[in-house]
Amino acid sequence: MVMHRTLGSFDTTAIGFGEMPLTIENNLGHSMGIETIHAALDAGCTHIDTAWAYYCSGGEEQTGEKLVREALESWKGNKSSILVATKVGHFRNFTDGRPTWGKDGKPEHLIRHAKESAMALGVDTIDLLYFHRPDPEVPYNESIEAMQQLLDEGVAREIGISNASVEQIDIARNILGEKLVAVQNQYSPVHLENEDTLQYCEKLGIAFVCWSPLGGFRHPYDEHLFDPFRKVAENHGVSYQQVVLAWELAKGEHVFVIPGAHRPATILDSLKASDLNLSDEELAYLG
């Protein structure tokens, strides 16, 4: 059984499924996307993470949210147990002919896009709605006040923030109070710069959700940083990716991971990290 933890008012799996690879560039197609989400759900994953901006640059908007809705509607399991999180505040565009990510934290746009997200997901109220990324052209408190309005209007049940600093966590908490239940920041062996927010969330009793917990696939990084994890993996006879996820989950009961996947085999391997127990010596070795 996949490990469960408490995220706000939800009891859900500590290993979620990051939907993004299924609907941005280099995805393997619609059918493979549905098959991959179904495989995760069949294996006991109850935590799906998507976003308004998970679509190919220049293509149909919100394809990630629409794929999640279709996958859930066609799945035969207990849908009431599934937490679906989505995010607003990003969009896709082209810069110098390359697909890129634009920021938009304008309150009126966050409100409109959140309502569009609810429609795309086929729900009246979004389980968990994140503010995707701070917009340097909009005061942070104004964006968060829009998220509060979405709570007040019943568009979202609970709120998270993503790509946030300690200072921004404090701003959000001052506005949202206990309805701020999660911080989703990048964290992995190649991205340790958010250690301060991971520890701060533990102090506050807020969930810390690691995005790209395996390093990500869109940007190059030093593969040698995973060598210690490969060594431990050899001793256990598992993939080094499982070791990475187990190491992250061992950082605290407030930690969640949302690895992405292009195909069923990948997410099924990641979900097995729930069964991997690392010794104190191994955790000390991994850092």
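Let me start with a term: two helices count as roughly perpendicular when the angle between them is 65 to 115 degrees. I will use that in a moment. What you have in front of you is a predicted model.

Take helix α7, residues 227–236, and helix α8, residues 240–249. Their axes are 8 Å apart, and the two helices pack at an angle of about 105°. That angle falls in the range I gave, so α7 and α8 are roughly perpendicular to each other. Which residues make this contact? From α7 they are F229, R230, V232 and A233, and from α8 they are Y240, V243, V244 and W247. By class, seven of the contact residues are nonpolar, none is polar and one is charged.

Now the other pair. Helix α2 spans residues 63–74 and helix α3 spans residues 107–121. Their axes come within 8 Å and cross at roughly 30°. Angles under 35 degrees count as roughly parallel, and α2 and α3 are therefore roughly parallel to each other. On the α2 side, the residues in contact are E65, K66, V68 and R69. They meet S117, M119, A120 and L121 of α3. This contact divides into four nonpolar residues, one polar and three charged.

Last, the annotation. An unreviewed UniProt entry carries "domain: NADP-dependent oxidoreductase" over residues 15–286. How much of the chain over residues 15–286 is helix, and how much is strand? Helix accounts for 40% and strand for 19%. The end C-alpha atoms of that stretch are 20 Å apart.

That is what I have for today.

Conventions. Residues numbered from 1 in each chain as written. Predicted model: local features only at pLDDT ≥ 70, side-chain atom pairs only at ≥ 80, totals over all residues. Heavy atoms only, no water. Axes fitted to C-alpha atoms, helices over the stretch in contact; angles between N-to-C directions. Helix = DSSP H or I, 4+ residues; strand = E, 2+ residues; numbered from the N terminus. Parallel < 35°, antiparallel > 145°, perpendicular 65-115°, else oblique. Contact = heavy atoms within 4.5 Å. Nonpolar A, V, L, I, M, F, W, Y, C, P; charged D, E, K, R; others polar. UniProt positions renumbered as here; feature names shortened; annotations may be inferred.
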